[in-house]
Amino acid sequence: MTTTIDPLNKQLCLGDQIHGYQLQKISPLDDIRAVLYQLEHLPTGSRHLHISCQDQENVFAVTFKTVPADSTGVAHILEHTALCGSAKYPVRDPFFSMIKRSLSTFMNAFTSSDWTMYPFATQNKKDFYQLMDVYLDAAFFPILDELSFKQEGHRLEFEPEDDTDKGLTFKGVVYNEMKGAMSSADQIMSRSLLKAIYPETTYANNSGGDPNHIPDLTREQLKAFHRRHYHPSNAYFFSYGSFGLEEHLEFINQKVLSRFQRIDPKTKVPVHPRWKEPKTARFTYPVSTKDSTSSKSQVALAWLACDVQDTFEVLTLAVLEQILLGNAGSPLRKALMDSGMGSALSDATGYVADNRDTMFACGLKDTDSSRADEIEALIIDCLSKLAEQGIDTELIQSAIHQIEFHRKEITNTPYPYGIRLNLTITGNWLHGGDPGRILKLDADLIRLQQKLQKGPFLEQRIRHYFLDNPHRLKIILEPDQHKSEKDEKRVHEKLQSLRKKLTPDDIKKIKQDTQRLKALQESQEDISCLPTLALSDIPPEIQTCSYSRIESGLPVWTFIQPTSGIYYFKGVAGVGSVPRRLLDWIPFYCYVFNQIGTKRHDYPTMARRIDAATGGFRMNPQVRTFYRSKDDCIPMVSINCKCLTRNMAPMLDILEELIAEANFMDQERLKQLLGEYHAGLVSAIVHNGHRLAISRSAHTFNQVNAMAEIWSGIRQIKTIGDTIKHLNDNTLNQLAKDLSSLSKILFEPNNVCIASVGDQDQTSTALNIIQSGNTLSSFNGGRTVPQMPQMQIDLDTTLSHEGWSTSSSVAFVAKTLPTVCIGHPDAPVLAVLARVLRSKYLHREIREKGGAYGGFALYNPETGLFSMASYRDPHILRTLDVYSTILDYMKNQPANDDDIKEAVLQVCSEIDKPDTPAISAQKAFTRLIIGLDDDVRQTFKEQLLHVDKKRMFEVGRHYFHKADANSGVAVIADENRLVEANTQTGSKKFKLGQI
């Protein structure tokens with residue numbers, strides 16, 4: 001018998017049978033200092049994967065293989081409805097209730113093309129098992145009642161006092177979410193690509209739900225889908241962290257598995273039959289009637305590649321993706337961009353390694369569909385040349401380096417690290433592969449290097465997967481100015497047809513259900529059956545990180561941190577002395593900084609050097625304020641780069657070269673990057689509409705928010721869009737000169753501060769390299785704290801009341817009012833108030849009753865602004881009415897002690913969310929710059945623990961009693977809906993604009 005080398009699970013041996021499970025594999029994961037356990041529950045066939053490590057942020061997830069046979073969104077709607085009450089916890093919304101009663105660092109649920117996952121993360125052991133209990137009961141024993149199905153999925157309703165044809169409408173959270181999603185070109189491209197290249201398997205269906213088909217789903221079909229798919233025989237459990245495995249297994253077996261027998265869920269996804277010849281498919285996406293359709297198409301080629309079970313071939317294709325598309329110098333990416341036929345790579349470009357048959361796609365967006373054959377020929381020609389002439393060895397090794405680096409780095413962005421690992425292995429695991437092979441790439445990497453030494457292996461794979469592969473699709477996505485109108489007409493005709501078939505009893509039932517659902521949503525239910533934590537479970541201390549030393553003569557603050565063999569560099573440059581006319585271009589400057597050439601090397605060479613020596617190199621604009629005053633504006637840019645220890649010298653050499661010798665005068669390259677940047681801004685509008693609306697509603701209150709709107713709001717989208725509309729050689733030449741001027745201003749000797757993060761040896765080596773160089777060593781030190789210059793810009797203090805039109809079938813509605821900053825006694829109360837309003841009022845009124853995907857209340861303690869926002873919202877004026885009645889809500893339905901406690905738990909879980917050592921140091925460095933002392937943070941947390949309902953009502957009344965008169969409002973929606981809203985608002989009309 002083999003024992004483990006794991007001090008956290010010393011008693012476990014290979015072959016052990018524990019609570020019905022058999023321990024089948026034990027594997028060390030040396031790169032992340034962890035041990036992997038693979039188990040099977042013998043009575044049910046359920047699988048369990050556990051990664052044991054010293055990480056205190058423990059993760060649990062249960063995943064089901066979900067293979068829909070249509071596009072009704074059954075898997076997505078089931079994900080929502082399962083979280084609306086279960087056998088043990090028969091309350092309306094246990095999921096959102098547990099968010100309030102927990103110290104979780106992450107709670108969510110995901111629906112993918114062929115799986116549904118329910119993950120959470122927490123540092124508290126009591127919390128861990130409470131959340132697991134709720135999640136298990138929700139997944140395996142949901143109530144799936146009729147009203148929850150109608151609320152979350154779809155329902156018919158008559159608008160108030162109206163049972164005419166016009167008054168009948170579809171509602172539902174998922175219905176409106178997918179209406180919003182399918183307004184977005186990138187979502188349409190991705191879904192259409194799956195539909196066209198996998199026509200005979202589950203991937204042809206829209207697992208999220210097509211709004212045209214969602215209303216066809218019945219509750220009985222939902223329950224049948226649950227019975228087959230949410231069974232232990234179709235379940236994949238995952239756990240990660242420092243808590244013991246045996247206790248997990250006992251808990252799961254007792255709560256769930258002991259109550260089931262093994263079945264065949266019939267969820268195996270077959271290998272797709274391979275085509276004998278390439279195919280072409282055409283689809284459309286909506287654009288405004290005011291938008292030109294010229295050069296607004298997307299064209300891409302896609303291939304079905306290898307079986308996901310073949311980890312070696314998956315690795316090979318991942319390396320090919322990095323070689324072909326990974327950076328600006330990658331041959332296929334460069335060929336596409338240099339062609340001038342499009343502004344950016346098409347949506348869905350890249351290698352998809354999660355589906356049963358993996359897929360590779362590439363192409364161009366903002367092109368003309370008439371050039372589809374030309375784009376196809378260009379791609380084939382580029383691949384043919386690589387196959388015939390060979391791939392540069394440097395490109396191959398750089399690609400392998402990127403994969404090795406990101407396997408080694410421990411990061412919690414965008415999800416906790418344990419959840420990231422789970423997402424990495426899910427596709428392979430669910431389709432019969434060995435997840436251990438994904439987590440331990442060494443054998444496949446060694447095999448790859450051996451293949452490379454024997455001959456042109458990757459060139460052969462290009463031939464096999466691309467040139468000689470007949471399962472190839474040419475997909476064309478074209479703009480349609482009338483698509484939104486046609487979709488609305490189709491919905492209207494469907495509703496008319498349904499209306500004609502309704503009997504008096506049907507009409508009565510619809511109205512009764514509407515009233516029943518409204519009564520349920522407004523009811524104050526007893527949720528005492530749900531587990532909760534006490535305030536005493538909250539750690540009293542904040543997490544802190546301090547620098548170890550300030551280097552003499554240099555503006556370098558060193559942070560000694562255990563970063564697992566990776567060195568992190570963060571440089572910050574002030575923007576305070578940048579002329580006003582150049583401010584708008586700071587974000588674009590950051591975007592191009594590491595994607596252009598220098599006086600010594602062209603941009604493809606620089607891109608390859610960056611990939612070969614670093615694990616990432618980026619520059620970001622950031623605007624902050626001193627915590628003591630929301631009127632102080634500190635705009636800055638940060639340079640972040642990281643590398644393995646062996647690459648510190650080449651990484652810092654690249655950084656010095658870019659700072660000292662960046663060359664912005666290649667106008668053709670600048671034009672390419674401008675197009676790419678603009679395409680990224682536009683494609684993000686529908687996904688980030690709530691953030692854009694908040695930014696616009698807040699931009700007149702202070703310098704910081706005015707700057708934020710310039711850099712990351714609608715103002716930035718308009719600036720770049722207007723420039724592209726009038727682009728010529730003169731404007732490009734001036735832009736190149738302006739970017740060159742920005743470099744000189746930003747990297748002036750007294751304007752830069754640096755954080756050096758790593759272990760003792762790494763930071764000492766880094767200091768020696770910095771001192772021996774010509775550029776970084778020229779920055780002046782002698783400061784005890786890192787400081788950035790402030791800036792004052794002309795501030796328009798007129799409150800926003802604006803409507804911005806874009807191609808979206810749903811709205812984003814935001815309202816912002818000024819309050820006070822951190823350090824003020826009201827600040828912790830406002831933080832609690834935001835959580836109470838979100839969970840107790842806005843969630844009910846905007847999501848449950850209004851049908852939006854989400855309703856938010858956000859308090860920013862740095863700027864002192866309090867915002868409300870909705871996401872993918874079918875309403876505009878109704879939502880604004882909800883915001884306007886917040887004071888009435890506080891008076892008529894005051895929060896109780898449990899509501900306050902739950903809100904404090906939520907705020908503290910955000911404060912205590914763990915960071916990796918590198919991120920912790922980088923955040924501490926930023927706090928030094930803005931003067932946010934740890935004692936202020938500690939006081940804020942201590943005051944949070946003493947917020948009571950009397951204090952919250954006093955503070956809420958103080959700031960909200962004149963909120964309508966003091967607030968900024970911004971709405972993003974379709975133009976017709978904004979115009980219609982203006983006809984109903986009386987004198988307070990929206991000032992309209994187009995994004």
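The overall architecture of the protein chain is described here, followed by the strand pairing around strand 3. The structure is a predicted model. In this model, the protein chain comprises 36 helices and 31 strands. Its C-alpha atoms occupy a box of roughly 80 × 65 × 65 Å along the principal axes. The radius of gyration is 28 Å, which agrees with the value near 30 Å that a compact globule of 995 residues would have.

Of the 995 residues in the protein chain, 61% are buried. Where contacts link residues at least 6 apart in sequence, 81% of them join residues at least 24 apart. The exposed area of the protein chain amounts to about 38,000 Å², with 48% supplied by carbon and sulfur atoms. The chain carries 113 positive and 120 negative charges, and the mean positions of these two sets lie 2 Å apart.

Near the N-terminal end of the numbering, strand 3 (residues 34–41) pairs with both strand 2 and strand 4. Strand 3 is mostly covered, seven of its eight residues being buried. Its pairing with strand 2 (residues 21–29) is antiparallel and extends over eight bridges, with Gln22 bridged to Glu40 of strand 3. Four residues separate the two strands in this hairpin, and Arg33 in the turn adopts a positive phi of about 55 degrees.

Strand 3 also runs antiparallel to strand 4 (residues 47–52), to which six bridges join it. Glu40 has Arg47 as its bridge partner in strand 4. Five residues lie between the strands of this second hairpin, where Gly45 takes a positive phi near 85 degrees. Glu40 is thus bridged to Gln22 and to Arg47.

Key
Residues are numbered from 1 along each chain as its sequence is written. This is a predicted model: local features need pLDDT of at least 70, side-chain atom pairs count only at pLDDT 80 or more; totals for chains, interfaces and linings use all residues. Side-chain values use heavy atoms; hydrogens and water are left out. The radius of gyration is taken over C-alpha atoms; the globule rule is 2.2 Å times the number of residues to the power 0.38. Buried means under 20% relative accessible area, exposed over 50%, partly exposed in between (1.4 Å probe, protein chains only). Contact means heavy atoms within 4.5 Å. Accessible areas come from the Shrake-Rupley method with a 1.4 Å probe; for residues, only the protein chains shown count as cover. Lys and Arg count as positive and Asp and Glu as negative; His and the chain ends are not counted. The place of a charge is taken as NZ of Lys, CZ of Arg, CG of Asp or CD of Glu. Two strands pair if DSSP finds at least two bridges between them.
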